[in-house]
Each structure stands twice: as structure tokens, then as C-alpha cells.
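Got your viewer open and a selection tool ready? Here is a short walk through a few places worth clicking on.

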Amino acid sequence: MGKPKLIVILGPTACGKSGLGVALAKQYNGEIVSADSRQVYRGLDLGTGKITPAEMEGVPHHLLDVAGPREQYSVARFQQEAYAAIGGILERGKVPFLVGGTGLYVRAVSEGYVFHAAPPDPALRAELETKSTQELRELLTRAGVELDEDCFHNRPRLVRLIEKLQNGEDPHAEAQRDPRYDVLTLGVSYPRETVCERIDARLEARLNAGMVEEVQGLRENGVTDEFLEGLGLEYRYILHYLTGELPTREALTGELGRAIKRFAKRQVSWFKKDRDVHWLDMAADPVAQAGERIEAFLGSM
């Protein structure tokens, strides 16, 4: 027998991955596993663009809200929990869809990265905790380490890369792979100008819906500024607004909008490296385009 089949939907922020995933899962008797490094956290809803229960339209979603905002959540943990969720979906006779924009999380599952449990260095970690996220990035870039979009604001990943350097490991080394699935990868995107327009519209809508108040509430409930800073983007810039570093709502909107657009550009660069992605024309009929690919893919079951 061949490997179980997995359908992946990936692409940059604000391009409609969640909605497309729901439409296709409904059409092909599927369930969705979210692949987003921030949506695993409870209470991080508006800031991460987390799909709402109404938007799910009855389609089961997995790996949302599985960690508290004071927990460390690693790609290795995500991989194991995703494997378990996908196994359950397959046992129920349904089609698993892995949907998200965190490239490392997607590849860890779809390509079957093999993680080695090298022990952390408590003394080194204590020293690194005194450094800002920018200082951690500078340590790595001075050592010639290229940072992908998934770890740019991710403090735990930056610390882990530095630990690897200190341990004599090569952070550039190609990860070992043991793929578990036969994978169809669908990509969603728009022209750059359209992506920017969608980012602006979504940002304004989320700010009006209470995204600043969400971050304020997290702080009041004991979530540290360091954690919020490490999340990057919405949480980082809203923190700067709440602490007075960004003096006005207009400054927040402008700075955050530009940061999200830079992030989306890095995402596109990351995903375009994968030659196996079938890119959909989101301005046409992406459900029909995806359907042709999916039916051919599932037809070989």
C-alpha cells in the first residue's frame, strides 16, 4: 500500500488560505490541521487572524488553541501533534488538509523532518535571555546564519540556532527527512499590489474589532511583554503602541502595515523555493482549480 494522502494549502498572509481550506474540506469530506506557529496559543485570536467557529462552517479544525501563552511551543512538538491529528482524521475515513502560512511547520510535517533531541544548555539560555530579539538575530547573522521568515521574530528558535552553533552543529545543514505522506501542495497568492491592499483592509478590520484591546487584555492577565515582543508583527507593534513607543493609532497602523507587507514578501520568497507547489489563481476560481488537482490526486487512492 502507498503512503496516506495529505493535501497542503499554503501561501502568504491575507491571501485566503483559511476560507479555501474550509471550502475544499467540505467538498472532499476533509478535516483541517492548522499550521500556524502563533495560532496554537489560546487567547491569540484577532492578532493571528485565527479562524472563528462561524467561519469553520462545521469543518473540524485541529491544533488551534493547544498551548497557553506562557508555554514554549516548538516545531518538533507541532510535528508530533500534527501527526497524531492526521492519524485520527485518516482513521475516521476523512481527508486531511494541512493549512497554514508557517513554512517550517508545513515542511516539518509534509516532508517528515527528523528532529534530534540535543539537550538544551541552561547556562547559555540564561545568558541569551538577557539579550533582545534583535541582538539574537545579529549574533546569528554575524556567524553567517541565514534566517528564514519563520524564525525572524521567534525567540525560542533563535536561541535554539545559537545553541546549535555553540554545540558545533551546522544550522545550515539540510534536515534529515522521513516522509510519512503522499502530498499534494496547493499555493494561494495574489499579485503584490493586491496582497498589500488585502493586508491594509484586514488590518483596519481587525483593529476596529478590538485587536489592541486583545493585546492589552493579555498583558493584564500576566502575559509578558517579552513573549509579546517575540511573537512579532501585530503583538510586537501593538505592544509598542501600548508602551508609548508608537505615539498614535496612525503611527501604529502605518508601521504595522509595512511590517506585515515585508513579512508577506518573505513568505512568498520562502514558498517559491518549493517547486512542487501548484499555485492557484485566486482572482479566478481557486476552488475549481484546486478541485481538478485534488480529484486527480485522490483518484489514485
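Start by selecting helix H7, then add helix H5 (122-128), helix H6 (133-142) and helix H10 (225-231): the buried residues of H7 pack against these helices. Keep in mind as you look around that this is a predicted model.

Now show side chains on H7. Its buried residues are Arg155, Leu158, Val159, Leu161, Ile162 and Glu163. You can also check the length of the helix with your distance tool: at 1.5 Å a residue, the 12 residues of H7 (residues 155-166) should span 16 Å, and the end C-alpha atoms are 16 Å apart, which agrees.

Stay in H7 and pick Ile162. Is Ile162 buried or exposed? It counts as buried, because its relative accessibility is 5%, and the cut-off for buried is under 20%. Leaving aside residues up to four places away in sequence, Ile162 touches Leu124, Leu128, Leu136, Leu139 and Leu140. Try drawing a line from Ile162 to Leu128: the two are 34 residues apart in sequence, with their C-alpha atoms 9.0 Å apart in space.

Next, select helix H3 (residues 75-91) together with helix H4 (residues 103-110). They pack at an angle of about 55 degrees, and their axes are 9 Å apart. H3 and H4 are therefore oblique to each other, and H3 passes H4 in a right-handed crossing. To see the contact, show Val75, Phe78, Gln79, Ala82, Tyr83 and Ile86 on H3, and Leu104, Tyr105, Ala108 and Val109 on H4. Colour this set by residue type and you will find nine nonpolar, one polar and no charged residues.

For another helix pair, go to helix H1 (residues 17-27) and helix H13 (residues 286-298), which pack at an angle of about 50 degrees with axes 11 Å apart. That angle makes H1 oblique to H13, and the crossing is right-handed. On the H1 side the contact is made by Leu20, Ala23, Leu24 and Gln27; on the H13 side, by Pro286, Val287, Ala290, Ile294 and Glu295. The residues of this contact divide into seven nonpolar, one polar and one charged.

For the last stop, click on Arg206, which lies in helix H8 (residues 192-209). How buried is Arg206? Its relative accessible area is 8%, so Arg206 is buried. Show what surrounds this side chain: not counting residues up to four places away in sequence, Arg206 touches Leu46, Gly47, Thr48, Gly49, Met211 and Glu234.

How values were computed
Residues are numbered from 1 along each chain as its sequence is written. This is a predicted model: local features need pLDDT of at least 70, side-chain atom pairs count only at pLDDT 80 or more; totals for chains, interfaces and linings use all residues. Side-chain values use heavy atoms; hydrogens and water are left out. Helices (H or I, at least four residues) and strands (E, at least two) are DSSP runs, numbered from the N terminus. Buried means under 20% relative accessible area, exposed over 50%, partly exposed in between (1.4 Å probe, protein chains only). Contact means heavy atoms within 4.5 Å. Axes are lines fitted to C-alpha atoms, for helices over the stretch in contact, and angles run from 0 to 180 degrees between N-to-C directions. Angles under 35 degrees count as roughly parallel, over 145 as roughly antiparallel, 65 to 115 as roughly perpendicular and the rest as oblique. A crossing is left-handed if the near helix is turned anticlockwise from the far one by less than a right angle, and right-handed if clockwise. Ala, Val, Leu, Ile, Met, Phe, Trp, Tyr, Cys and Pro count as nonpolar, Asp, Glu, Lys and Arg as charged, and the others, Gly among them, as polar. The expected span of a helix is 1.5 Å times one less than its number of residues.
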